[in-house]
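User: I would like to learn how to read a structure feature by feature. Could you walk me through this one?

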Amino acid sequence: MVFCASYTVILLNVVFFSREPGSRTGIDLTLLGTWEGTIQSHGFVIENILLFIPVGTLISCVFHPMKNGLACILTGCMFSIGIELTQLVMKIGYCQLDDVVMNTIGTGLGWSFYRILLFFRGLF
């Protein structure tokens with residue numbers, strides 16, 4: 001629970017509190033629209049994946065229903081949609097379909113990491 005709470009504080013800081021209101025506005029519903037030819041845009045895509053790997057791992061460890069992969073991934077997706085909509089309303093981030101997709105992939109990778117940890121724990 002301590003890791004979950006700590007990660008939540010870090011995540012909230014990254015997606016909300018580190019940005020000034022009105023600094024970013026707009027909606028982009030183009031799939032893979034952020035995967036442009038620049039290194040920076042690739043970095044944003046990778047960042048969104050990496051940012052949600054702990055979501056999949058931690059909620060699987062802490063909340064029993066999230067041990068089911070589909071439940072965990074759908075929860076991560078809904079959490080990401082909530083973040084994107086909040087950023088849109090508060091005008092502190094672009095509301096992008098890519099962010100939701102990449103965050104959901106990150107949640108899936110986190111759940112997979114959790115399952116791998118369980119597998120190796122069973123061997124030792």
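**Reading helices, burial and contacts**

Analyst: Happy to. Let us begin with one loop residue: Lys91 is partly exposed, with a relative accessible area of 45%. Please keep in mind that this is a predicted model.

User: Where is Lys91 placed?

Analyst: Lys91 belongs to the loop between H3 and E2. There is also a backbone detail to notice here: Lys91 has a positive phi of about 55° although it is not a glycine.

User: How do I read a helix, and what span does H4 reach?

Analyst: The general idea first: an α-helix has 3.6 residues a turn, so residues three or four places apart point the same way. Now the case in this model. Helix H4 covers residues 97-123, which is 27 residues. From the first C-alpha to the last, H4 reaches 40 Å, close to the 39 Å expected at 1.5 Å a residue.

User: Which residues of H4 are buried?

Analyst: Buried means under 20% relative accessible area. Among the buried residues of H4 are Asp98, Asp99, Val100, Met102, Asn103, Gly106, Gly110 and Tyr114. Their cover includes helix H2 (39-62), helix H3 (69-90) and strand E2 (95-96).

User: Take Gly110 in helix H4. What is Gly110 in contact with, apart from its sequence neighbours?

Analyst: Gly110 counts as buried because its relative accessibility is 0%. Beyond the neighbours within four places in sequence, Gly110 is in contact with Ile53, Gly56 and Thr57. Sequence distance and spatial distance are worth reading side by side: Gly110 and Leu50 are 60 residues apart along the chain, yet their C-alpha atoms are separated by 9.0 Å.

User: And on helix H2, is Asn48 buried or exposed?

Analyst: Asn48, which is found in helix H2, is buried, with a relative accessible area of 13%. Leaving aside neighbours within four places in sequence, the contacts of Asn48 are Asp99, Met102 and Asn103. Those three names also appear among the buried residues of H4.

User: What about helix H3? Which residues does Glu84 contact?

Analyst: Glu84 lies in helix H3 and has a relative accessible area of 4%, so Glu84 is buried. Outside the four places on either side in sequence, Glu84 is in contact with Tyr94, Cys95, Gln96, Asp99 and Val100. One atom pair deserves a look: the Glu84 side chain reaches the backbone nitrogen of Gln96 at 3.1 Å. Glu84 and Leu97 are 13 residues apart in sequence and 8.7 Å apart in space, C-alpha to C-alpha.

User: Leu97 is in helix H4. Why does Leu97 count as partly exposed?

Analyst: Leu97 counts as partly exposed because its relative accessible area is 31%.

User: Which residues make the nonpolar surface patch?

Analyst: Leu97 is one of them, together with Ile27, Leu29, Leu31, Leu32, Trp35, Ile46 and Leu50. This nonpolar surface patch is about 820 Å².

Definitions and conventions:
Residues are numbered from 1 along each chain as its sequence is written. This is a predicted model: local features need pLDDT of at least 70, side-chain atom pairs count only at pLDDT 80 or more; totals for chains, interfaces and linings use all residues. Side-chain values use heavy atoms; hydrogens and water are left out. Helices (H or I, at least four residues) and strands (E, at least two) are DSSP runs, numbered from the N terminus. The expected span of a helix is 1.5 Å times one less than its number of residues. Buried means under 20% relative accessible area, exposed over 50%, partly exposed in between (1.4 Å probe, protein chains only). Contact means heavy atoms within 4.5 Å. Patches are made of residues with over 30% relative accessible area and no salt bridge: like charges are joined within 9 Å, nonpolar side chains (Val, Leu, Ile, Met, Phe, Trp, Tyr) within 5 Å. Accessible areas come from the Shrake-Rupley method with a 1.4 Å probe; for residues, only the protein chains shown count as cover. A salt bridge is a side-chain nitrogen of Lys or Arg within 4 Å of a carboxyl oxygen of Asp or Glu. A polar contact is a pair of N or O atoms within 3.5 Å; within protein, one must be able to donate a hydrogen and the other to accept it, and residues adjacent in sequence count only if both atoms are side-chain atoms.
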